[in-house]
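Me: I'd like to learn how to read burial and internal cavities in a model. Can you walk me through it?

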Amino acid sequence: MSFTLLPAVDVADGQAVRLVQGEAGTETGYGAPREAALQWQRDGAEWIHLVDLDAAFGRGSNAELLADVVGELDVAVELSGGIRDDASLERALSTGCARVNLGTAALEDPEWCARAIARHGERIAVGLDVRIVDGEHRLAARGWTRDGGDLWEVLERLDRDGCARYVVTDVGKDGTLRGPNLDLLQSVAGATKAPVVASGGIAEVADLVALAELAASGVGIEGSIVGKALYAGRFTLPEALAAVRAVQPAGRAAG
């Protein structure tokens, strides 16, 4: 078993940025997306999580720029942001990315999402962006500006449709450097047979080790997206990769 780290490159107005709790207007800029992605590749990343924030918020598109970035990388790319119809899906897949991450469309257009899953299988992941309010698990849509329904009901539907993978984010944790919501991730992984990619809140290497240990114990978490902590210099990608690779499957000693 290998636990996969996916460094994030979120793009707004042609620049690599990070948000706080997904809110437009909270961007901190980190330069050219191409340079950020190539740096993660040089540092040993096997995957890059590449997001078009302008498309996600419905305020524009960085499609050509993202296609150029995918074309320059030798590693697998998960492409996300504003993929809501056949045209945007085909454009995203045609970049050569390994898979796309559907968000709003999976909530607002279930029939279209089901057809996309049936047609493209493993190349489709669905992002479940969760806002926990008074004990209820609600999904966030349209760049986290609208309610997208009950998490568990949507998860059950997507499982029936054969969704291959989920990217699960606690909106309240994203970009805050306060640690991931392990309870939420375990609950989702326990409710589906599909693998889960964790997202949001990673602050230190210990957070990634905790996730990798859950995965090693049999919980269906196969990796984690890492964003702000890397950009803020909390740790380096090589440090994180070494730490999660050192985690041993349950019942097997290191050495």
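Reply: Sure. A residue counts as buried when its relative accessible area is under 20%, and as exposed when that area is over 50%. Keep in mind that this is a predicted model.

Me: Which residues does UniProt list for "active site"?

Reply: The unreviewed UniProt entry lists Asp10 and Asp129 under that heading.

Me: Is Asp129 buried or exposed?

Reply: Asp129 has a relative accessible area of 17%, so it counts as buried. Its place is in strand E7, residues 124-133.

Me: And Asp10, buried or exposed?

Reply: Asp10 is buried too, because its relative accessibility is 9%. Asp10 sits in strand E1, which covers residues 4-12. Leaving out residues up to four places away in sequence, Asp10 is in contact with Gln15, Ala16, Val17, Arg18, Val51 and Leu53.

Me: On to cavities. How many are there of 30 Å³ or more?

Reply: The general idea is that rolling a probe the size of a water molecule over the atoms shows where empty space is left. Here, two cavities reach 30 Å³ or more. The second largest holds about 40 Å³.

Me: What lines the second largest cavity?

Reply: Strand E10 (166-170), helix H8 (182-191) and strand E11 (196-199) each give at least two residues to its lining. E10 has the largest share, with three residues. Among the lining residues are Val168, Asp170, Leu184 and Ser199.

Me: What is the lining like in polarity?

Reply: It splits into five nonpolar residues, four polar and one charged.

Note on methods: Residues numbered from 1 in each chain as written. Predicted model: local features only at pLDDT ≥ 70, side-chain atom pairs only at ≥ 80, totals over all residues. Heavy atoms only, no water. 1 Å grid on protein atoms, 1.4 Å probe; cavity = no way out; pocket = protein on both sides within 12 Å on 5 of 7 lines; lining within 4 Å. Points joined across faces, edges and corners; volume = space filled by probe spheres on them. Helix = DSSP H or I, 4+ residues; strand = E, 2+ residues; numbered from the N terminus. Nonpolar A, V, L, I, M, F, W, Y, C, P; charged D, E, K, R; others polar. UniProt positions renumbered as here; feature names shortened; annotations may be inferred. Buried < 20%, exposed > 50% of the residue type's maximum accessible area, 1.4 Å probe, protein only. Contact = heavy atoms within 4.5 Å.
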